[in-house]
Amino acid sequence: MSFDPSKFDGSTMRIGVADQLSGVPVAPAAAADDGVDPKYRAKATEAAVKFESFFIGHMLHQMRAGTRVLAAEDSVFKDKINEDMLDMADNLVADQLAGQRAFGVADAILRQLLPPASAPVALAASLPGRAAPANIAEPQNIPKTLNRAK
């Protein structure tokens with residue numbers, strides 16, 4: 001497989017830095033009546049995704065540094081040539097993973113910053129004359145042991 005530069009369209013490339021993620025749609029579909037300002041939700045989501053990108057990028061950087069330290073003197077991993085390009089590539093990978101919420105860090109942050117999605121249902125159930133849906137209090141049927149063979 002060969003690369004044909006005449007068919008390359010650079011307009012679809014992303015820059016890959018975390019501070020430019022604002023154009024990426026990463027916010028989950030929110031309930032219209034959850035009581036959270038949409039601007040606050042968007043800013044909180046963007047900040048959470050940026051932090052996840054920073055976290056993943058830092059982790060990749062530390063992994064690469066650890067590989068460099070543990071490599072033998074004549075190893076190709078010991079060479080510092082193109083270290084800046086590898087850091088940029090790590091940041092691109094981190095941005096892509098954070099945009100997909102692959103690690104769940106952004107979701108954990110948003111769970112702390114935003115009210116739970118079932119808050120309107122619980123609020124409606126607490127009002128007089130309203131009954132809670134039957135599936136809210138039902139426990140999940142999860143086996144106590146994951147390995148049933150033992």
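**Notes on a predicted helical model**

1. Let's start with Arg-64, which is partly exposed at 28% relative accessibility. Keep in mind that this is a predicted model. Arg-64 pairs with Asp-90 in a salt bridge, and the closest N and O atoms are 2.8 Å apart. Arg-64 sits in helix H1 and Asp-90 in helix H2 (residues 83–99), so the pair ties together parts 26 residues apart in sequence. The acid partner is tucked away: Asp-90 is buried, with a relative accessible area of 7%.

2. How many salt bridges does a search of the whole structure find? There are 6. As a reminder, side chains of opposite charge can pair when their charged atoms come close. One of the bridges joins Glu-73 and Lys-78, at 4.0 Å from N to O. Glu-73 is exposed, at 68% relative accessible area, while Lys-78 counts as partly exposed at 27%.

3. Another one to look at is Glu-83 with Lys-80, also a salt bridge, with an N to O distance of 4.0 Å. Lys-80 is exposed, its relative accessible area being 55%. This pair belongs to a network: salt bridges with shared partners join Arg-68, Lys-80 and Glu-83.

4. On the overall layout, the chain has 4 helices and 0 strands, so to speak an α-α-α-α pattern when read along the sequence. Of its 150 residues, 18% count as buried. Among contacts with a separation of 6 or more, 73% are between residues 24 or more positions apart.

5. Now the inside. The largest nonpolar core has 8 residues: Val-36, Ala-44, Ala-48, Val-49, Ala-98, Ala-106, Leu-110 and Leu-114. Two elements, H1 and helix H3 (105–113), each give two or more residues to this core, and H1 gives the most, with 3. If you want one residue to click on, try Ala-44: leaving aside residues up to four places away in sequence, Ala-44 touches Leu-110 and Leu-113. In soluble globular proteins, nonpolar side chains tend to be buried together.

6. Which residues form a nonpolar patch on the surface? Phe-51, Phe-54, Phe-55 and Phe-103 do, with about 410 Å² of accessible area together. Phe-55 is found in helix H1, which covers residues 38–70, and counts as partly exposed at 38% relative accessibility. For the chain as a whole, the accessible surface comes to about 11700 Å², and 61% of that belongs to carbon and sulfur atoms.

Terms used: Residues numbered from 1 in each chain as written. Predicted model: local features only at pLDDT ≥ 70, side-chain atom pairs only at ≥ 80, totals over all residues. Heavy atoms only, no water. Patch = residues over 30% accessible without salt bridge, like charges linked within 9 Å, V, L, I, M, F, W, Y side chains within 5 Å. Areas by Shrake-Rupley, 256 points an atom, 1.4 Å probe, with all protein chains shown as cover. Salt bridge = Lys/Arg side-chain N within 4 Å of Asp/Glu carboxyl O. Buried < 20%, exposed > 50% of the residue type's maximum accessible area, 1.4 Å probe, protein only. Core = buried A, V, L, I, M, F, W, Y, C linked by side-chain atoms within 4.5 Å. Contact = heavy atoms within 4.5 Å.
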